[in-house]
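I opened a fresh page for this one and went through the model step by step. Here are my notes, in the order I looked things up.

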Amino acid sequence: MALTPAVTAWLKGELGSTVDLTDLETRYQRLGAARAVALEVLRERLADLRSQPATLTVTGVVGLGTGENIKAYERQIEALENGDNPAPDDPTDPDGSLGGISVLQLVERPRR
């Protein structure tokens, strides 16, 4: 299973334009879905951030914090897990929808 241009564009949109396409191709062949690839890459990035100190301060010179970056990755992972921003290769239902909740309109019948 090879990456299509649509899947590549979606992955770049989720992960940034500087991602290694060879790495994404390998992951896509192993995992079989763009959403799974994006989640794996984001979880690795989050783990890397968590393994580093959350703040670094040189008094009077510079202060650096990664807390907001961690929160941003957590929100992005949650959105992907919830099915937000559909991937081009997400499975669809027979009616063409991506599944989930449907809306059914009830129409009142005339009374006698």
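**Thr8 and its neighbour Leu3**

I began with Thr8, which has a relative accessible area of 17% and therefore counts as buried, the cut-off being under 20%. A reminder to myself: this is a predicted model. Thr8 sits in helix α1. Which residues does Thr8 touch, once those up to four places away in sequence are set aside? I found Leu3 and Leu21.

Leu3 was the natural next stop. I located Leu3 in the segment before α1, a helix that covers residues 5-15. Leu3 is buried too, because its relative accessible area is 16%, and the limit is under 20%. Not counting residues up to four places away in sequence, I listed Thr8, Leu11, Leu21, Leu24, Glu25 and Tyr28 as the residues that Leu3 touches. I also checked a distance: Leu3 and Gly32 are 29 residues apart in sequence, and their C-alpha atoms are 9.6 Å apart in space.

**Stepping back to the whole chain**

Next I wanted the overall layout. I counted 4 helices and 2 strands in the protein chain. Along the sequence, their order reads α-α-α-β-β-α. How many of the 112 residues count as buried, as a percentage? The figure is 23%. I then took the contacts between residues at least 6 apart in sequence, and 56% of these join residues at least 24 apart.

**Helix α3 on its own**

I turned to α3, which runs over residues 34-50. Does its length come out as expected or not? At 1.5 Å a residue, the 17 residues of α3 should span 24 Å, and the end C-alpha atoms are 24 Å apart, so the two agree.

The buried residues in α3 are Ala34, Arg35, Val37, Ala38, Leu39, Val41, Leu42, Leu46 and Leu49. What covers them? I noted that the cover includes α1, α2 (21-31) and α4. I took these three partners one at a time.

**α1 against α3**

The axes of α1 and α3 are 10 Å apart, at an angle of about 25°. That is under 35 degrees, so the two helices are roughly parallel to each other. I recorded the crossing of α1 past α3 as right-handed. On the α1 side I wrote down Val7, Trp10, Leu11 and Leu15, which meet Ala34, Arg35, Val37, Ala38, Val41, Leu42 and Arg45 in α3. By class, this contact has 9 nonpolar, no polar and 2 charged residues.

**α2 against α3**

Here the axes are 9 Å apart and the packing angle is about 120°. That makes α2 oblique to α3. The crossing of α2 past α3 is right-handed. From α2, the contact uses Leu24, Arg27, Tyr28, Arg30 and Leu31; from α3, it uses Ala34, Ala36, Val37, Glu40, Val41 and Glu44. I sorted the residues of α2 with α3 into 7 nonpolar, no polar and 4 charged.

**α4 against α3**

Helix α4 covers residues 67-81, and its axis comes within 10 Å of the α3 axis, crossing at roughly 160°. Being over 145 degrees, that angle makes α3 roughly antiparallel to α4. I noted a left-handed crossing for α3 past α4. In α3, the residues that meet α4 are Arg35, Ala38, Leu39, Leu42, Arg43, Arg45, Leu46, Leu49 and Arg50. Their counterparts in α4 are Asn69, Ile70, Tyr73, Glu74, Gln76, Ile77, Leu80 and Glu81. The division by class is 9 nonpolar, 2 polar and 6 charged.

I then zoomed in on Leu49, a residue of α3. Leu49 counts as buried because its relative accessibility is 14%. Leaving aside neighbours within four places in sequence, I found Leu49 in contact with Thr66, Asn69, Ile70 and Tyr73. Leu49 and Ile70 are 21 residues apart in sequence, with 6.8 Å between their C-alpha atoms.

**One last look, at Asn85**

My final entry is on Asn85, in the segment after α4. What caught my eye is its phi, near 55°, a positive value in a residue other than glycine. Is Asn85 buried or partly exposed? With 41% relative accessibility, Asn85 counts as partly exposed.

Terms used:
Residues are numbered from 1 along each chain as its sequence is written. This is a predicted model: local features need pLDDT of at least 70, side-chain atom pairs count only at pLDDT 80 or more; totals for chains, interfaces and linings use all residues. Side-chain values use heavy atoms; hydrogens and water are left out. Axes are lines fitted to C-alpha atoms, for helices over the stretch in contact, and angles run from 0 to 180 degrees between N-to-C directions. Angles under 35 degrees count as roughly parallel, over 145 as roughly antiparallel, 65 to 115 as roughly perpendicular and the rest as oblique. A crossing is left-handed if the near helix is turned anticlockwise from the far one by less than a right angle, and right-handed if clockwise. Contact means heavy atoms within 4.5 Å. Ala, Val, Leu, Ile, Met, Phe, Trp, Tyr, Cys and Pro count as nonpolar, Asp, Glu, Lys and Arg as charged, and the others, Gly among them, as polar. Buried means under 20% relative accessible area, exposed over 50%, partly exposed in between (1.4 Å probe, protein chains only). The expected span of a helix is 1.5 Å times one less than its number of residues.
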